[in-house]
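Ready for a few exercises? Take a look at the sequence and the fold, then work through the tasks before reading each solution.

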Amino acid sequence: MNFPLYIAKRYIFSKSKNNAINIITGIASMGIIVGAMALFVVLSVFSGLRDFSLSFSNDSDPDLKVNPTKGKSFFITPAQEEQLKNLEGIANYSKIIEERVLFYFDGKEQVTYLKGVDANFKKTNVISKNLFNGQWLKPNTYQVVIGYGISQKLSLGLFDFNNNFEVFVPKPGKGIIENPEQAFNKSVLIPVGIYAISEDLDSKYVFADILLAQELLEYKPNQVSGIEIKTKPNADEDGIQSQIKKIFNNTVEIKNRAQLNATLYKMLNTENIAVYLIFTLVIIIALFNLIGALIMMILDKKGNLKTLFNLGTEVKHLRKIFLLQGSLLSVFGGVLGLFLGIILVVLQQQFSLVMITSTLPYPIVFRLENVLIVLATIISLGILASLIASSRVRKKLLE
């Protein structure tokens with residue numbers, strides 16, 4: 001039998017004659033339980049907020065996006081299109097043209113992005129499923145789909161035939177402009193749909209047919225500003241990116257969804273780390289109670305320790321008794337706190353106990369990695385606290 005473990009278990013489950021020690025030990029155990037529960041719940045909440053925040057970009061950004069390394073556009077040949085179609089791991093792709101232009105309606109104007117899309121766009125992007133009103137545009141027409149924010153700023157509704165919704169695109173070229181009216185390519189657009197995703201995205205894009213965008217920007221039929229790609233499940237993104245670069249002779253750059261939203265991902269990761277460190281500090285403070293409880297236990301059991309020492313027990317084994325006692329308290333407290341935290345997370349997922357609005361429950365996600373993080377944090381800090389307390393058992397104390 002492991003002698004230090006046997007004594008440690010006896011000390012955990014048996015009450016001390018000194019009631020103050022029992023109270024401090026109870027407070028220390030409660031601190032560990034509450035700390036573990038709070039850390040797991042907060043990590044689960046931030047996982048939910050992360051997924052909730054990224055869901056907006058998931059509705060507008062593709063799995064992979066191909067952009068030119070130089071300039072605003074590049075050319076794609078029929079042979080290159082055929083190679084893209086046959087590329088393993090690609091489910092669909094869509095050619096796009098994207099440019100900042102001026103929109104004008106009923107005396108109001110706004111500079112934002114015109115995004116020309118082809119017929120495959122609905123297969124690579126789910127933004128068409130987020131229509132607030134109306135329908136998606138038809139190919140080879142002057143129909144457009146606008147964001148809810150743009151609609152509000154311009155006071156623009158659908159199928160308003162009393163006022164023209166116009167787009168103005170600067171003509172490419174060099175030289176002095178003699179007639180301002182000839183400096184722009186312009187067209188009258190027909191809004192047929194309004195999408196609503198988030199405040200930023202709702203004011204960013206006006207979707208039009210790619211042929212209309214090519215006409216306004218004076219692009220050639222095989223000239224595009226980007227290609228948006230939807231990958232198959234569990235596809236090798238790195239392999240796909242290297243093959244696409246080979247197809248276009250390294251004249252393009254490919255970004256995945258995380259790279260397209262690098263600032264957002266960095267902000268969310270920084271917030272998650274900051275909250276983890278703050279609650280870890282709270283757990284460290286709670287573990288000072290554990291250190292105090294173990295030191296008082298050592299002093300309370302000083303007579304027993306002297307007897308064991310005189311019977312031939314080594315000092316390192318006596319230290320190990322309290323190291324194991326504190327470690328076991330940390331493990332039991334961490335597991336119990338984690339169990340309570342999981343119950344709270346599941347209750348929130350199932351019954352929406354906490355609401356942001358009357359229709360939107362507070363987002364929370366159960367993840368195994370959060371369970372492992374909490375257990376690793378509690379156990380490692382508990383062992384460290386127990387090690388500090390058990391170091392008080394010295395030969396000088398027992399003499």
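Here come three exercises with worked solutions on this predicted model.

**Exercise 1: a strand and its partners**

Work out whether strand β1 (residues 64-68) is enclosed or open, and which strands it pairs with.

*Solution.*
Step 1: Start with accessibility, where under 20% relative accessible area counts as buried. Five of the five residues of β1 pass that test, so the strand is largely enclosed by the rest of the structure.

Step 2: Sort the side chains by direction. L64, V66 and P68 head one way from β1, while K65 and N67 head the other way. That fits the general pattern: side chains in a regular strand alternate between the two faces of the sheet.

Step 3: Look for the partners. β11 (residues 226-231) is antiparallel to β1 and joined to it by three bridges, with V66 opposite I227. Strand β12 (residues 252-256) also pairs with β1 in the antiparallel sense, this time over five bridges. There, P68 has V252 as its bridge partner.

**Exercise 2: a loop asparagine**

Find out where N125 sits and what its side chain reaches.

*Solution.*
Step 1: Place the residue. N125 belongs to the loop between α4 (121-124) and β5 (131-134). Loop or not, N125 has 3% relative accessibility, so it counts as buried.

Step 2: Check the polar atoms. The N125 side chain has a polar atom 2.9 Å from the backbone oxygen of S60, and it also reaches the backbone nitrogen of I127 at 2.9 Å.

Step 3: Widen the search, skipping neighbours within four places in sequence. That leaves N125 in contact with D59, S60, D61, P62 and E228.

**Exercise 3: charged pairs**

How many salt bridges are there? Pick out three and say whether their residues are buried or exposed.

*Solution.*
Step 1: The count comes to seven salt bridges.

Step 2: One of them joins K65 to E98, with the closest N and O atoms 3.3 Å apart. This pair links distant parts of the chain, K65 being in β1 and E98 in strand β3 (residues 90-105), 33 residues apart. Both K65 and E98 are buried.

Step 3: Next, E99 and K72 meet at 3.3 Å, N to O. E99 lies in β3 and K72 in the loop between β1 and β2 (74-75), so the pair ties together parts 27 residues apart in sequence. E99 is buried at 15% relative accessible area, whereas K72 is exposed at 56%.

Step 4: Finally, E314 pairs with K316 at 3.7 Å between the closest N and O atoms. E314 is partly exposed at 40%, and K316 is exposed at 54%.

Terms used:
Residues are numbered from 1 along each chain as its sequence is written. This is a predicted model: local features need pLDDT of at least 70, side-chain atom pairs count only at pLDDT 80 or more; totals for chains, interfaces and linings use all residues. Side-chain values use heavy atoms; hydrogens and water are left out. Buried means under 20% relative accessible area, exposed over 50%, partly exposed in between (1.4 Å probe, protein chains only). Helices (H or I, at least four residues) and strands (E, at least two) are DSSP runs, numbered from the N terminus. Two strands pair if DSSP finds at least two bridges between them. A polar contact is a pair of N or O atoms within 3.5 Å; within protein, one must be able to donate a hydrogen and the other to accept it, and residues adjacent in sequence count only if both atoms are side-chain atoms. Contact means heavy atoms within 4.5 Å. A salt bridge is a side-chain nitrogen of Lys or Arg within 4 Å of a carboxyl oxygen of Asp or Glu.
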